[in-house]
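Open the model in your viewer and keep the selection box at hand. This tour tells you what to pick next and what is there.

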Protein chains: 2
Amino acid sequence: MSADWLEEVKWDDSNLAPVITQESETKQVLTLAWMSRESLALTLETGYAVYWSRSRQKLWYKGEESGNQQLVKSIRLDCDKDAILLEVEQKGGIACHTGRHHCFYFELVDGDPTGKKWQPMEPVLKDPKEMYNK
Amino acid sequence: MSADWLEEVKWDDSNLAPVITQESETKQVLTLAWMSRESLALTLETGYAVYWSRSRQKLWYKGEESGNQQLVKSIRLDCDKDAILLEVEQKGGIACHTGRHHCFYFELVDGDPTGKKWQPMEPVLKDPKEMYNK
């Protein structure tokens, strides 16, 4: 856990870093999640994305329940060394807990009468109940 | 500034949200930056990416000095409504202040003798001195 490469990451005040996960085949941005030192080390070790769940305050082995694991193809860091980019193969074709392919499914579009609104744009591919109640 | 669509975003404790910016043509992830309500409203209003600089604690009109503006094609929000995805046309082909096309240029590769290291992978396309001393 004290490897030099892990310490080169500029972890924030909560000892976390934001992680963008992009699908290698489609180049689609699937999720924005967070990693701790331990989750990044486990991601490297296992070859599958392991995040830190801020809501549950624990390690989040992506796909543990749903089966929708993310096989890691590359791990990158940005110029400031405070943000991570994972390139992955998304198992099951579903990254989002809502049963959609990816999480960024609200698009800002014209609303009525004069404003803007966030419109859901992607189909639900699988009922979340099916994904989590096996 | 009090528009419903702006308030639907789940701003963090610092009243910011992380923003992934992706190039529309190449689908490459260019940057991870941050927005405030005001910068998101200005992004919509001007059609160009306006971020919040956490280091300078002020609005950051992307490309203001370098000319490398980002023309916004779409604005998306994720399932939790706490992360933003911009699709942009990157003017000048350079998103990174180091003069590279994008910011995620360090890749985790095998180091020596047994460890890992962050290896810079992308060429510098323009000398930063040229970009910022006009």
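Select chain A and colour it by secondary structure. From start to end, the pattern reads α-β-β-α-β-β-β-β-β-β-α. That is three helices and eight strands. Helices here are DSSP runs of H or I with at least four residues, strands are runs of E with at least two, and both are numbered from the N terminus.

A word on ground rules. This is a predicted model: local features need pLDDT of at least 70, side-chain atom pairs count only at pLDDT 80 or more, and totals for chains, interfaces and linings use all residues. Residues are numbered from 1 along each chain as its sequence is written, chains are lettered from A and ligands numbered from 1 in the order in which they are written, and side-chain values use heavy atoms, with hydrogens and water left out.

**Stop 1: the whole of chain A**

Stay on chain A. Its C-alpha trace spans about 55 × 40 × 30 Å along the principal axes. Of its 134 residues, 50% are buried. Buried means under 20% relative accessible area, exposed over 50%, and partly exposed in between, with a 1.4 Å probe and protein chains only. Now think about contacts, meaning heavy atoms within 4.5 Å. Take those between residues at least 6 apart in sequence: 44% join residues at least 24 apart.

**Stop 2: helix α2**

Select residues 37–46 of chain A, which form helix α2. Which of its residues are buried? They are Ser39(A), Leu40(A), Ala41(A), Leu42(A) and Thr43(A). Show what they pack against: α1 (4–8), β2 (29–35), β3 (50–53), β4 (58–61), β5 (70–77) and β6 (84–90) of chain A. Then step on to Gly47(A), which follows α2(A) and has a positive phi, near 85°.

**Stop 3: a hairpin**

Select residues 17–23 of chain A, strand β1. Add β2(A), which pairs with β1(A) in the antiparallel sense over six bridges. Two strands count as paired if DSSP finds at least two bridges between them. Click Ala17(A): its bridge partner in β2(A) is Met35(A). The two strands form a hairpin with five residues between them. In the turn, Lys27(A) has a positive phi of about 70°. Strand β2(A) is largely enclosed by the rest of the structure, because seven of its seven residues are buried.

**Stop 4: Ser53(A)**

Move to Ser53(A) in strand β3 of chain A. Is this residue buried or exposed? Ser53(A) counts as buried, at 5% relative accessibility. Leaving aside neighbours within four places in sequence, Ser53(A) contacts Lys58(A) and Trp60(A). Draw a line to Met35(A), 18 residues away along the chain: the C-alpha atoms are 8.1 Å apart.

**Stop 5: a sheet across both chains**

Now show chain B too. Select the strands in this order: β8(A)-β7(A)-β5(B)-β6(B)-β1(B)-β2(B). They make an open sheet of six strands with mixed pairing. The edge strands are β8 (116–120) of chain A and β2 (29–35) of chain B, each pairing on one side only. Zoom in on β7 (residues 106–110) of chain A: five bridges join this strand to β8(A), and the two run antiparallel. One bridge pair there is Glu107(A) with Gln119(A).

**Last stop: Gln22(B)**

Select Gln22(B), in strand β1 of chain B. Gln22(B) is buried, with a relative accessible area of 8%. Beyond its neighbours within four places in sequence, its contacts include Gln22(A), Lys27(A) and Val29(A). Chain B contributes others, among them Leu30(B), Leu85(B) and Val88(B).
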